[in-house]
Amino acid sequence: MENTYLNRGAQTKNARLVSYLNSSGLFLLTLLWSYAVFAKLADLQLYQRQMEEQPFSNVITIALTYLIPTLELISATLLILNRHRLGLWISLSLLLGFTIYIILILSHVFPKVPCSCGGLISKMSWKNHLYFNLLLISINVLCLVHTEKRERRLTGKEKNKST
């Protein structure tokens with residue numbers, strides 16, 4: 001009996017820790033995308049110039065110039081509005097896209113290109129940027145796994161109550 005009580009206590013502590021870590025990850029990602037879109041919009045002319053210097057065709061560059069901040073804003077907004085699942089999927093897509101781009105730059109597929117990230121992040125080397133993105137992808141995936149499990153658990157409870 002004593003052992004069962006101790007296990008429940010440990011499970012409760014673990015659940016609280018996981019919940020805290022998930023909340024911290026969600027906050028960090030929300031802060032990242034809010035900061036990223038604000039930095040771009042705060043100096044829109046610089047962002048547009050940096051995007052024009054990217055090694056893509058004009059059509060792709062124009063599309064990305066508007067698509068990236070729009071997706072960053074949507075992701076941050078969804079995370080703020082407690083629509084974590086969709087916000088996390090958009091966030092993960094952005095992070096994967098940026099990470100692939102950084103890997104291509106580090107592999108010298110593209111010539112030296114400017115970072116159009118804005119703010120402090122633009123001061124990082126490409127290698128540090130890659131490590132930073134890999135850390136963010138890990139956080140994003142862990143938050144997504146936790147969110148998916150939580151939603152399945154809540155959906156399962158709702159089904160059990162209705163039967």
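Select Leu17, Tyr20 and Leu21 to display a nonpolar surface patch with about 340 Å² of accessible area together (patch members have over 30% relative accessible area and no salt bridge, and nonpolar side chains are joined within 5 Å; a salt bridge is a side-chain nitrogen of Lys or Arg within 4 Å of a carboxyl oxygen of Asp or Glu; areas follow the Shrake-Rupley method with a 1.4 Å probe). The model is predicted: local features need pLDDT of at least 70, side-chain atom pairs count only at pLDDT 80 or more, and totals for chains, interfaces and linings use all residues. Residues are numbered from 1 along each chain, and side-chain values use heavy atoms, without hydrogens and water.

Within the patch, tyrosine 20 belongs to helix α1 (residues 2–42) (helices are DSSP runs of H or I, at least four residues). Tyrosine 20 is exposed, at 55% relative accessible area (exposed is over 50%, buried under 20%, partly exposed in between).

Proceed to phenylalanine 56 and tyrosine 101, one of five aromatic pairs (ring centres within 6.5 Å; planes under 30 degrees apart are stacked, over 60 edge-to-face, the rest tilted). Their centres lie 5.7 Å apart with planes at 40 degrees, so the pair is tilted. Phenylalanine 56 sits in the loop between α2 (44–52) and α3, and tyrosine 101 in helix α4 (residues 84–106). Phenylalanine 56 is partly exposed at 29%, whereas tyrosine 101 is buried at 16%.

Next, add tryptophan 126: its ring and that of tyrosine 101 are edge-to-face, with centres 6.5 Å apart and planes at 85 degrees. Adding Phe110 completes one aromatic cluster with Phe56, Tyr101 and Trp126.

Key:
Patches are made of residues with over 30% relative accessible area and no salt bridge: like charges are joined within 9 Å, nonpolar side chains (Val, Leu, Ile, Met, Phe, Trp, Tyr) within 5 Å. Helices (H or I, at least four residues) and strands (E, at least two) are DSSP runs, numbered from the N terminus. Buried means under 20% relative accessible area, exposed over 50%, partly exposed in between (1.4 Å probe, protein chains only). Rings of Phe, Tyr and Trp (its six-membered ring) pair if their centres lie within 6.5 Å; planes under 30 degrees apart count as stacked, over 60 as edge-to-face and the rest as tilted.
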